[in-house]
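Q: I am new to this structure and would like a close look at a single part of it, the places where charged side chains pair. Please take me through that part slowly and then set it in its surroundings.

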Amino acid sequence: MHLSRRKRTWLIRLALTALAMGAYPAFVLTYTWSHVSQSPLPGGRHGPLDAYRHTLASAVVSHTLHPRVVSWVNAVMEHQGKRSNAMDIHNNLIGARIGARAVRFAEIEPRVARSVAEGRVDAPSPTRTTWLPEEAWQEGLAW
């Protein structure tokens, strides 16, 4: 089967786009989980570690793409109306601000770590990382 030059070019672009679409999420997840897995923070789900994970991933996305992408992800993934979804949205938006303000990629993780260190349970401030009370935490790293 002989493909025209135009069709070959189109197929190559399609394949590269598909590769890039898979590579970017893999990059964000690998970077985030490499830090999460080494963190001493407690509360894998709904606690400080969960807050760290969301804030860090959103900061990376915001810095490498655009803060608006974090808002789109919130709309798609955090729409269930649970208290934990509100916490995730809150921390994702903080991460988006951190990522947007970072001049260099290397600034992101230290700023996120500082944000979580200054965070607290049910933080009312839109600039303060938050998590649920300890009785709501669930062990484990995964969602």
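A: Arginine 111 and glutamate 107 form a salt bridge in which the closest N and O atoms are 3.0 Å apart. The model is a predicted one, and the distances and accessibilities given here are computed from it. Glutamate 107 has another partner as well, since its side chain also meets that of arginine 104 in a salt bridge, here with 3.7 Å from N to O. Taken together, Arg104, Glu107 and Arg111 are linked in a network of salt bridges. Side chains of opposite charge can pair when their charged atoms come close.

The members of this network can also be described by how much of each is accessible. Glutamate 107 has a relative accessibility of 15% and counts as buried, because the cut-off for that class is under 20%. Arginine 111, at 29% relative accessibility, counts as partly exposed, while arginine 104 is exposed, with a relative accessible area of 52%. The network therefore links a buried glutamate with a partly exposed arginine and an exposed arginine.

A search of the whole structure finds four salt bridges, and one of them joins arginine 83 to aspartate 122, with the closest N and O atoms 2.8 Å apart. Arginine 83 belongs to helix α4, which covers residues 83-101, whereas aspartate 122 sits in the loop between β1 (120-121) and β2 (130-131), so this pair ties together parts that are 39 residues apart in sequence. Both partners are partly exposed: arginine 83 has a relative accessible area of 48%, and the value for aspartate 122 is 40%. Aspartate 122 has a further feature in its backbone, for its phi is near 50°, a positive value in a residue other than glycine.

From this pair the picture can be extended to leucine 132, which touches both Arg83 and Asp122. Leucine 132 is found in the segment after β2, and with a relative accessibility of 7% it counts as buried. Leaving aside residues up to four places away in sequence, its contacts also include His46, Ser84, Met87, Val121 and Trp137. The C-alpha atom of leucine 132 is 5.8 Å from that of glycine 47, although the two residues are 85 positions apart in sequence.

Histidine 46, one of the residues that leucine 132 touches, is found in the loop between α1 and α2, the latter helix covering residues 48-64. It counts as buried, at 11% relative accessibility, and the phi of histidine 46 is near 75°, again a positive value in a residue other than glycine.

Helix α1 brings in side chains of another kind. This helix covers residues 5-36 and holds tryptophan 10, which is exposed, with a relative accessible area of 52%. Trp10 forms a nonpolar patch on the surface with Leu11 and Leu14, and the three have about 320 Å² of accessible area together. Tryptophan 33 is also found in helix α1, but it counts as partly exposed, at 21% relative accessibility. The C-alpha atoms of tryptophan 33 and leucine 56 are separated by 9.6 Å, with their positions 23 residues apart along the chain.

It remains to place these details in the chain as a whole. The protein chain has five helices and two strands, and from the N terminus on these elements run α-α-α-α-α-β-β. Along its principal axes, the C-alpha trace spans about 65 × 30 × 25 Å. Of the 143 residues, 38% count as buried, and the chain exposes about 8,800 Å², of which carbon and sulfur atoms supply 62%. Among the contacts with a separation of 6 or more, 66% are accounted for by residues 24 or more positions apart. As for charge, there are 17 positive and 10 negative side chains, and the centres of the two sets lie 18 Å apart.

How values were computed
Residues numbered from 1 in each chain as written. Predicted model: local features only at pLDDT ≥ 70, side-chain atom pairs only at ≥ 80, totals over all residues. Heavy atoms only, no water. Helix = DSSP H or I, 4+ residues; strand = E, 2+ residues; numbered from the N terminus. Buried < 20%, exposed > 50% of the residue type's maximum accessible area, 1.4 Å probe, protein only. Contact = heavy atoms within 4.5 Å. Areas by Shrake-Rupley, 256 points an atom, 1.4 Å probe, with all protein chains shown as cover. Lys, Arg positive; Asp, Glu negative; His and termini not counted. Charge placed at Lys NZ, Arg CZ, Asp CG, Glu CD. Patch = residues over 30% accessible without salt bridge, like charges linked within 9 Å, V, L, I, M, F, W, Y side chains within 5 Å.
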